[in-house]
Amino acid sequence: MTDLILVPGMTVLISAFDEVPEHHFEIEAVFDDCVTGHALTGPLAGEYGEPDIELIAEVISAP
């Protein structure tokens, strides 16, 4: 998904990693290798995170 233009306010699907299942994530900032924001669903709901851009599986909604 690295060819996608990511912007703050987007909701994306983060692929499962380690023992964390896939979940929706709202982007607050975009950097070269990661995004920052908060998990919206799953066991990390409400938690701040910095997932790698490669973990983005799809865009759920755009601002």
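Which residues make up the largest nonpolar core of this chain? To reach the answer, it helps to begin with the overall build of the model, which is a predicted one.

The chain contains five strands and zero helices, so that its elements, read from the N terminus on, follow the pattern β-β-β-β-β. Its radius of gyration is 10 Å, close to the 11 Å that the globule rule gives for 63 residues, and the chain is therefore as compact as a globular protein of that length. Along the principal axes, the C-alpha atoms fill a box of roughly 25 × 20 × 20 Å.

The five strands are arranged as an open sheet in the order 4-3-2-1-5, with antiparallel pairing. Because strand 4 (48-49) and strand 5 (56-61) stand at the edges and have a single partner strand each, one side of each is left without a neighbour in the sheet. Strand 2 and strand 3 run antiparallel and are joined by five bridges; in this part of the sheet, Glu26 stands opposite His38 of strand 3.

We can now turn to the interior. In soluble globular proteins, nonpolar side chains tend to be buried together. Of the 63 residues in this chain, 30% count as buried, and the largest nonpolar core is a set of ten: Leu6, Met10, Val12, Ile14, Phe25, Ile27, Val35, Ala39, Ile53 and Ile56. The elements that give two or more residues to this core are strand 1 (11-14), strand 2 (23-30) and strand 3 (35-39).

On the outside, the chain exposes about 3900 Å², of which carbon and sulfur atoms supply 51%.

Terms used: Residues are numbered from 1 along each chain as its sequence is written. This is a predicted model: local features need pLDDT of at least 70, side-chain atom pairs count only at pLDDT 80 or more; totals for chains, interfaces and linings use all residues. Side-chain values use heavy atoms; hydrogens and water are left out. Helices (H or I, at least four residues) and strands (E, at least two) are DSSP runs, numbered from the N terminus. The radius of gyration is taken over C-alpha atoms; the globule rule is 2.2 Å times the number of residues to the power 0.38. Buried means under 20% relative accessible area, exposed over 50%, partly exposed in between (1.4 Å probe, protein chains only). Accessible areas come from the Shrake-Rupley method with a 1.4 Å probe; for residues, only the protein chains shown count as cover. A nonpolar core is a set of buried Ala, Val, Leu, Ile, Met, Phe, Trp, Tyr and Cys residues joined through side-chain atoms within 4.5 Å. Two strands pair if DSSP finds at least two bridges between them.
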